[in-house]
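Welcome, and please open the model in your viewer with the cartoon representation switched on. We will go from the whole chain to its strands, and then to one of its helices.

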Amino acid sequence: MLSFMKRLLLFAALFFPWFSLGVEQELLITAEQWARPRQGDALSTLEPLVAAVQRLKQLPRGHLVIRHPAGEEGILWAQELRAWLVALGVSSEDIGIAADSPREDAVYLEVRGGVSSS
């Protein structure tokens with residue numbers, strides 16, 4: 001697990017200059033991406049996940065909202081993603097879930113600063 005965290009932080013560090021420029025990236029994970037085996041090594045290469053964690057760490061009192069498709073499958077997807085984020089060290093209090101993804105085949109990761117909301 002420790003080597004995974006080191007790789008995740010290294011990967012995030014590579015994107016730090018990109019974030020400091022204020023360039024916005026759409027953070028979404030498609031169903032196709034999520035269908036791949038979900039192990040620590042595989043998640044460390046999932047760019048939207050790494051980028052969301054990095055943004056969250058940069059914002060004081062940051063909050064991450066997982067915007068998932070409506071329905072039972074979407075809820076399960078969001079809950080599993082939330083569990084992985086917690087396993088990666090993100091506080092469960094900093095993660096919200098909302099059933100308002102604009103796409104049926106993707107979850108969006110929205111990082112908000114300041115006030116926590118879900």
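Two strands are taken to pair here if DSSP finds at least two bridges between them. Keep that in mind as you look around, and remember that this is a predicted model.

**The whole chain.** Start with everything selected. The protein has 5 helices and 4 strands, and along the sequence they follow the pattern α-β-α-α-α-β-α-β-β. Colour by burial and 38% of the 118 residues count as buried. The exposed surface comes to about 6,700 Å², with carbon and sulfur atoms supplying 56% of it. If you display contacts between residues at least 6 apart in sequence, 78% of them join residues at least 24 apart.

**Strand 2.** Now select residues 63–67, which form strand 2. Of its 5 residues, 4 are buried, so it is mostly covered by the cut-off of under 20% relative accessible area. Which way does strand 2 run beside strand 3? Add residues 95–98, and you will find the two strands parallel, joined by 4 bridges. For a landmark, show Arg-67, which stands opposite Ala-98 of strand 3. Then trace the backbone from strand 2 to strand 3: the chain passes through helix 5, residues 72–87, and this β-α-β crossover is right-handed.

**Strand 4.** Next, select residues 106–112. This is strand 4, and 5 of its 7 residues are buried. Strand 2 and strand 4 run antiparallel, with 5 bridges between them. Two pairs are worth labelling: Ile-66 has Leu-109 as its bridge partner in strand 4, while Leu-64 stands opposite Val-111. As you turn the view, recall that side chains in a regular strand alternate between the two faces of the sheet.

Strand 4 has another partner to bring in. Select residues 28–30, strand 1, which pairs with strand 4 in the antiparallel sense over 3 bridges. Here, label Ile-29 and its bridge partner in strand 4, Val-107.

**Helix 4.** For the last stop, select residues 47–58, the 12 residues of helix 4. How far apart are its end C-alpha atoms? They lie 17 Å apart, which agrees with the 16 Å span expected at 1.5 Å a residue. Helix 4 is mostly covered, with 9 of its 12 residues buried. Show side chains for the buried stretch, among them Leu-49, Val-50, Val-53 and Leu-56. Gln-54 and Arg-55 also belong to the buried residues of this helix.

Technical notes:
Residues numbered from 1 in each chain as written. Predicted model: local features only at pLDDT ≥ 70, side-chain atom pairs only at ≥ 80, totals over all residues. Heavy atoms only, no water. Buried < 20%, exposed > 50% of the residue type's maximum accessible area, 1.4 Å probe, protein only. Expected span 1.5 Å × (residues − 1). Contact = heavy atoms within 4.5 Å. Areas by Shrake-Rupley, 256 points an atom, 1.4 Å probe, with all protein chains shown as cover. Right-handed = clockwise from strand over helix to strand, strands pointing away.
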